[in-house]
Amino acid sequence: MKSLLKNLGVILIIIGAIILIACFATENVNNNAILGTSMVLIIAGLISYILINKRITD
């Protein structure tokens with residue numbers, strides 16, 4: 001459980017990147033809702049990765 005929590009930020013970043021790749025592959029780059037969702041996932045993943053790993057190591 002602790003290892004899954006430790007990797008939660010990386011998982012969110014990967015999901016956001018997969019959404020961006022899928023949008024590019026389907027040529028659906030003009031949909032702001034999908035692009036915004038992927039941006040939120042990447043930023044939330046980055047912030048959670050930093051905060052969770054800071055708490056676990058302390």
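This text leads through a predicted model, from its confidence to its helices, its nonpolar surface and a few individual residues.

Confidence is the natural starting point. The protein chain has a mean pLDDT of 89, and 97% of its residues reach 70 or more. Within the chain, confidence is highest in helix H2, at a mean of 94, and lowest in helix H1 (residues 2-6), at 77. Where pLDDT is low, the predicted coordinates should not be read in detail.

Two further elements carry much of the description below: helix H2 spans residues 8-25 and helix H3 spans residues 32-57. Both contribute at least two residues to a nonpolar surface patch. This patch covers about 1,000 Å² and is formed by Val10, Ile14, Ile18, Met39, Val40, Ile43, Leu46, Ile47, Tyr49, Ile50 and Leu51. Helix H3 provides the largest share, with 8 residues. One of the patch members is Met39, which is situated in helix H3. Methionine 39 is classed as partly exposed because its relative accessibility is 49%, a value between the limits of 20% for buried and 50% for exposed residues.

Leucine 12, in helix H2, offers a view of how residues of the chain meet. Its relative accessible area is 22%, and it is therefore partly exposed. Beyond its neighbours within four places in sequence, leucine 12 is in contact with Leu41, Ala44, Gly45 and Ser48. Its C-alpha atom is separated by 14 Å from that of leucine 35, a residue 23 positions away along the chain.

Further along, asparagine 53 belongs to helix H3. With a relative accessibility of 14%, asparagine 53 counts as buried, because the limit for that class is under 20%. A polar atom of the asparagine 53 side chain lies 3.1 Å from the backbone oxygen of tyrosine 49. Tyr49 is itself among the residues of the nonpolar patch. When neighbours within four places in sequence are set aside, the contacts of asparagine 53 are Lys6 and Ser48. Ser48 also appears among the contacts of leucine 12.

The loop between H2 and H3 holds glutamate 27. This residue has a positive phi of about 55 degrees, although it is not a glycine. Glutamate 27 is exposed, since its relative accessible area is 71%. Asparagine 53, by contrast, is buried at 14%.

Definitions and conventions: Residues numbered from 1 in each chain as written. Predicted model: local features only at pLDDT ≥ 70, side-chain atom pairs only at ≥ 80, totals over all residues. Heavy atoms only, no water. Patch = residues over 30% accessible without salt bridge, like charges linked within 9 Å, V, L, I, M, F, W, Y side chains within 5 Å. Areas by Shrake-Rupley, 256 points an atom, 1.4 Å probe, with all protein chains shown as cover. Salt bridge = Lys/Arg side-chain N within 4 Å of Asp/Glu carboxyl O. Helix = DSSP H or I, 4+ residues; strand = E, 2+ residues; numbered from the N terminus. Buried < 20%, exposed > 50% of the residue type's maximum accessible area, 1.4 Å probe, protein only. Polar contact = N/O pair within 3.5 Å; in protein donor to acceptor, adjacent residues only side chain to side chain. Contact = heavy atoms within 4.5 Å. pLDDT = per-residue confidence, 0-100.
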